[in-house]
Amino acid sequence: MQDDVKRLIIDYIKKEYLDEDSDQEVTETTKLISGGIVDSFSMVSLKMYLEKKFQIKIPDEKATPEAFDSVNNIVTLLREFVHS
Amino acid sequence: MAYSEKAKAHYSGELSALRGSGLFKEERYIESPQAASIRVEYPWGAGAREVINFCANNYLGLSSHPEVLEAARVALGTRGFGLSSVRFICGTQDIHRELEQKLSEFLGTEDTVLFPSCMEANGGLFEVMIDKDDAMIADRLVHASIVDGMRLCKAQLYNYKHSNMDHLEEKLQETQGCRFRVIITDGVFSMDGDIAKLDEICELADRYDAFVVVDDSHATGFVGKTGRGTHERCGVMGRIDVITTTLGKALGGAAGGCVSGRSEIVELCRQRARPYLFSNTVPPVVVAATIKVLDVLSRSTDRRDRLEANTRFFRESMTGAGIDIREGEHPIVPVMLYNAKLAQGIAHDLYEEGIYVIGFFFPVVPQGQARIRVQISADHDREQLTRAVEAFAKVEKKYGILGKKKDEIIAMYGT
């Protein structure tokens, strides 16, 4: 389940934020915000995507740049809200 | 005392962190009016020196134009210095309305409302226009003031890859269930000088029943055959629902901005936009001088034509000299260096050569895309432009990157 979620997020990030000709690798530890792949503006749409996909609401105070800075961090954040 | 040692230490730490990460901004002191050539004291105490200015938004060279200054002087006598009021109490003079009408004529729109700045126009517009049942679909590289405006608004936020029409179309399809969809873009993007595909955006807007909002701050006055802006350049005059723009760049450069477009939306801004309602009116001197700017621009296209010719000359000369610039047609000419320290070093050395430019790097531009942004003005003469090209070539040679392309520069300096 966790690997599926990671895959899903990585695919979304690649599709949404990287140009078609980009050679940028995205793994579960790649720095997303501090690495400049996802800016704080685009983070809003990533949050919205996750909320829709998992039918959850992530409070703004939890949606920090640190919490979104890697796929691993995002999965940790999701664990708080997704109950399987 | 509430401002404790703890608070002091906290704020000092914030400032130290900015300095440590190279993000601390230092101001240069200019001891002359804004112009192609200015007297700058940097660092403070070093004594003022004459440098050629390549980082002002003074695209048309109107910031210190004699007719504009005279109009300001006259207005100071006839309309006073300040109005000590917001617009709707006792801050609207006849000339405010006159300028709004002239801006509508110039931009080809139904109505216009002035704001203290375009930042505030963008900060106030979206909250007035749309609500939680609506969607904002913005280009990912829109200006920070639009981002702030969108954050103040309850509408759902989507963004599309920069100038990627397929991605925009996907977002329009995703949001079909919303009441209103608003496509939001800069007309010209400030860091790259590239022009939004407004013709294609308008086609998509028509097909998917969406509005179009354009911030044309880096275009009003000079982009398009008669300088009306990006909508003229792209052949979509009359098809942009709302244009926001600034009086603080090509149009004299003092202050102020506006929302211009569909009359109902403009009127709602007058009634409800918070930065409009709770900010002082634009000073009469600025209003009168900007009316004169529009008169000058409506009388002749000489200045925008000269700017276009200067831009072409500079771009061709830079490329011919072996300098890696981002291609385009706009007077924003990004000189690509890819590495932040390299951009800072080259800007510093150019200043020593009498060329005033600034380096831009992450987070202002994406990681690995550090650059120097050169801005051309109609007031530069050929000698000044040639001096800048020669200085760039000399300094780039010193750093060993003259004639080198992206991969080679990155191989030498990294990103």
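**Exercise 1. Which residue of β10(B) stands opposite T246(B)? Describe the surroundings of β9(B).**

*Solution.* The structure is a predicted model, in which local features need pLDDT of at least 70 and side-chain atom pairs count only at pLDDT 80 or more, while totals for chains, interfaces and linings use all residues. Residues are numbered from 1 along each chain as its sequence is written, and chains are lettered from A and ligands numbered from 1 in the order in which they are written.

Step 1. The residue opposite T246(B) in β10(B) is G257(B). Strands are DSSP runs of E with at least two residues, helices are runs of H or I with at least four residues, and both are numbered from the N terminus. Two strands pair if DSSP finds at least two bridges between them.

Step 2. β9(B) and strand β10 (residues 257-261) of chain B run antiparallel and are joined by 5 bridges. With strand β8 (residues 211-215) of chain B, β9(B) pairs in the parallel sense over 3 bridges; here T244(B) has D215(B) opposite.

Step 3. Strand β9 (residues 242-246) of chain B is mostly covered, with 5 of its 5 residues buried. A residue is buried if 20 or more other C-beta atoms lie within 10 Å of its own, exposed if 12 or fewer, and partly exposed in between, with C-beta atoms placed from the backbone.

Step 4. In a regular strand the side chains alternate between the two faces of the sheet. In β9(B), one side carries V242(B), T244(B) and T246(B) and the other I243(B) and T245(B), and all are buried.

**Exercise 2. Determine the strand order and edges of two open sheets in chain B.**

*Solution.* Step 1. One open sheet has 4 strands in the order β1-β2-β3-β12 (chain B), and its pairing is mixed. Its edge strands, each pairing on one side only, are β1 (29-30) and β12 (355-356) of chain B.

Step 2. Within this sheet, strand β3 (residues 48-53) of chain B pairs with β12(B) in the parallel sense over 2 bridges. I52(B) has I355(B) in β12(B) as its bridge partner.

Step 3. Another open sheet consists of 3 strands in the order β11-β14-β13 (chain B), with antiparallel pairing. Here the edge strands are β11 (332-338) and β13 (358-360) of chain B, each of which pairs on one side only. From one strand to the next, the twist averages 30°.

Step 4. β13(B) is joined to strand β14 (residues 370-375) of chain B by 3 bridges in the antiparallel sense, and R373(B) in β14(B) has I358(B) opposite.

**Exercise 3. Characterise the packing of α2(B) against α12(B).**

*Solution.* Step 1. Helix α2 (residues 66-79) and helix α12 (residues 284-299) of chain B pack at about 145°, and their axes are 8 Å apart. Axes are lines fitted to C-alpha atoms, for helices over the stretch in contact, and angles run from 0 to 180 degrees between N-to-C directions.

Step 2. The crossing of α2(B) and α12(B) is right-handed, that is, the near helix is turned clockwise from the far one by less than a right angle.

Step 3. Contact residues of α2(B) include V68(B), A71(B) and R79(B), and those of α12(B) include V285(B), A288(B) and K292(B). Two residues are in contact if their C-beta atoms, placed from the backbone, lie within 7 Å.

Step 4. By class, the contact of α2(B) with α12(B) has 13 nonpolar, no polar and 3 charged residues. Ala, Val, Leu, Ile, Met, Phe, Trp, Tyr, Cys and Pro count as nonpolar, Asp, Glu, Lys and Arg as charged, and the others, Gly among them, as polar.

**Exercise 4. Describe chain A, chain B and the contact between them.**

*Solution.* Step 1. Chain B has 16 helices and 14 strands, whereas chain A has 3 helices and 0 strands.

Step 2. Chain B has a radius of gyration of 22 Å, which agrees with the value near 22 Å for a compact globule of 415 residues. For chain A, 12 Å agrees with the value near 12 Å for 84 residues. The radius is taken over C-alpha atoms, and the globule rule is 2.2 Å times the number of residues to the power 0.38.

Step 3. Buried residues make up 50% of the 415 residues in chain B and 21% of the 84 residues of chain A.

Step 4. The contact takes 10 residues from chain B and 8 residues from chain A. On the chain B side, strand β6 (residues 156-160) gives the most, with 4 residues. This side has 5 nonpolar, 3 polar and 2 charged residues.
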